[in-house]
Amino acid sequence: MNTPSELKYTKDHEWIKVEGDTATIGITDYAQGELGDIVFVDVDTVDEDLNEGDVFGSVEAVKTVSDLYLPVAGTVLEINADLEDQPELLNTDPYGKGWIIKLKISDSADLSTLLSAEEYQEVVG
């Protein structure tokens with residue numbers, strides 16, 4: 001299982017890459033492996049202000065649908081348009097081309113609740 005050390009993680013299996021006041025968010029390699037073949041990504045929260053833990057979308061795999069939870073509070077800036085035609089990018093490149101949203105982090109966002117790669121690996125065993 002791939003868990004890049006430069007990223008932060010949540011117990012809900014999202015990853016977050018923080019650059020200044022912008023964050024890129026996706027699902028982890030572990031999550032995509034558990035879901036199986038992803039066939040659809042549904043995110044309709046662009047320009048919405050959301051709180052940490054809010055559902056910002058969902059991913060549909062062949063056998064299940066899973067909600068996506070926001071790791072930190074902020075405003076959804078952008079959705080990865082490539083996922084509309086290629087949802088399988090979440091399976092093939094979850095930490096690269098398979099990113100899901102970009103978020104403007106709110107001033108009140110608490111980054112201290114995020115897990116390091118080592119802490120996340122302990123969560124998933």
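Helices and strands here are DSSP runs, a strand having at least two residues, numbered from the N terminus. By that definition Glu 78 belongs to strand E8, which covers residues 74-79. The model is a predicted one, and the account below starts from this strand.

Glu 78 has a relative accessibility of 36%; because partly exposed means a value between the 20% and 50% limits, Glu 78 is placed in that class. If neighbours within four places in sequence are set aside, the residues that touch Glu 78 are Trp 99, Ile 100, Ile 101 and Lys 102. Another residue to consider beside Glu 78 is Asp 47: the two are 31 residues apart along the chain, and their C-alpha atoms are separated by 8.1 Å.

Asp 47 sits in the loop that runs between strand E4 (38-42) and strand E5 (49-50). Its relative accessibility is 63%, so Asp 47 counts as exposed. The backbone of Asp 47 is also worth a look, with a phi near 70°, a positive value in a residue other than glycine. Most residues other than glycine have a negative phi.

His 13 is another non-glycine residue with a positive phi, of about 75°. His 13 lies in the loop between E1 and strand E2 (14-19). With a relative accessible area of 21%, His 13 is partly exposed.

His 13 also leads to the largest pocket. This pocket has a volume of about 160 Å³. Thirteen is the number of residues in its lining, and those nearest the pocket centre are Asp 12, His 13, Ala 31, Leu 35 and Ser 66. Two elements, helix H1 (29-35) and strand E7 (65-69), give two or more residues each to the lining. Sorted by class, the lining holds seven nonpolar, two polar and four charged residues.

Strand E1 (8-9) comes before the His 13 loop, and Tyr 9 lies in this strand. Is Tyr 9 buried or exposed? Tyr 9 has a relative accessible area of 0% and is therefore buried, the limit for that class being under 20%. Outside its neighbours within four places in sequence, Tyr 9 is in contact with a list of residues that includes Thr 3, Pro 4, Glu 14, Trp 15, Thr 28 and Tyr 95. The list also includes Leu 114, Leu 115 and Ser 116, together with Ala 117 and Tyr 120. Between Tyr 9 and Ile 101, which are 92 residues apart along the chain, the C-alpha separation is 15 Å.

Ala 117 and Tyr 120 bring the reader to helix H4, residues 117-124, whose buried residues are Ala 117, Tyr 120 and Val 124. Down the axis of H4, these buried residues fall within an arc of 60°, so they line one face of the helix. An α-helix has 3.6 residues a turn, so residues three or four places apart point the same way. Strand E1 and helix H1 are among the elements that cover the buried residues of H4. On the other side of H4, the residues Glu 118 and Glu 122 are exposed. Just after the helix, Gly 125 takes a positive phi of about 75°.

The UniProt record remains to be set against the model. An unreviewed UniProt entry places the feature "domain: Lipoyl-binding" at residues 22-104. In the model, the C-alpha atoms at the two ends of this span lie 5 Å apart, and the span is 18% helix and 42% strand.

The unreviewed UniProt entry also places the feature "modified residue: N6-lipoyllysine" at Lys 63. Where is Lys 63 found? Lys 63 is in the loop between strand E6 (55-61) and E7. Lys 63 counts as exposed because its relative accessibility is 81%, against a limit of over 50% for that class. Lys 63 and Val 39, 24 residues apart along the chain, have C-alpha atoms separated by 9.9 Å.

A last residue is Glu 84, found in helix H2, which covers residues 82-85. Glu 84 has 69% relative accessibility and so counts as exposed. Glu 84 and Gly 20 are 64 residues apart in sequence, and from C-alpha to C-alpha they are 27 Å apart in space.

Technical notes:
Residues are numbered from 1 along each chain as its sequence is written. This is a predicted model: local features need pLDDT of at least 70, side-chain atom pairs count only at pLDDT 80 or more; totals for chains, interfaces and linings use all residues. Side-chain values use heavy atoms; hydrogens and water are left out. On a 1 Å grid over the protein atoms alone, a cavity is a set of points where a 1.4 Å probe fits but cannot get out, and a pocket is an open set with protein on both sides within 12 Å along at least five of seven lines; lining residues have an atom within 4 Å of a point. Grid points are joined across faces, edges and corners, and a volume is the space filled by probe spheres set on the points. Helices (H or I, at least four residues) and strands (E, at least two) are DSSP runs, numbered from the N terminus. Ala, Val, Leu, Ile, Met, Phe, Trp, Tyr, Cys and Pro count as nonpolar, Asp, Glu, Lys and Arg as charged, and the others, Gly among them, as polar. UniProt positions are given in the numbering used here, feature names are shortened, and annotations may be inferred rather than shown by experiment. Buried means under 20% relative accessible area, exposed over 50%, partly exposed in between (1.4 Å probe, protein chains only). The arc is that of the directions from the helix axis to the C-beta atoms. Contact means heavy atoms within 4.5 Å.
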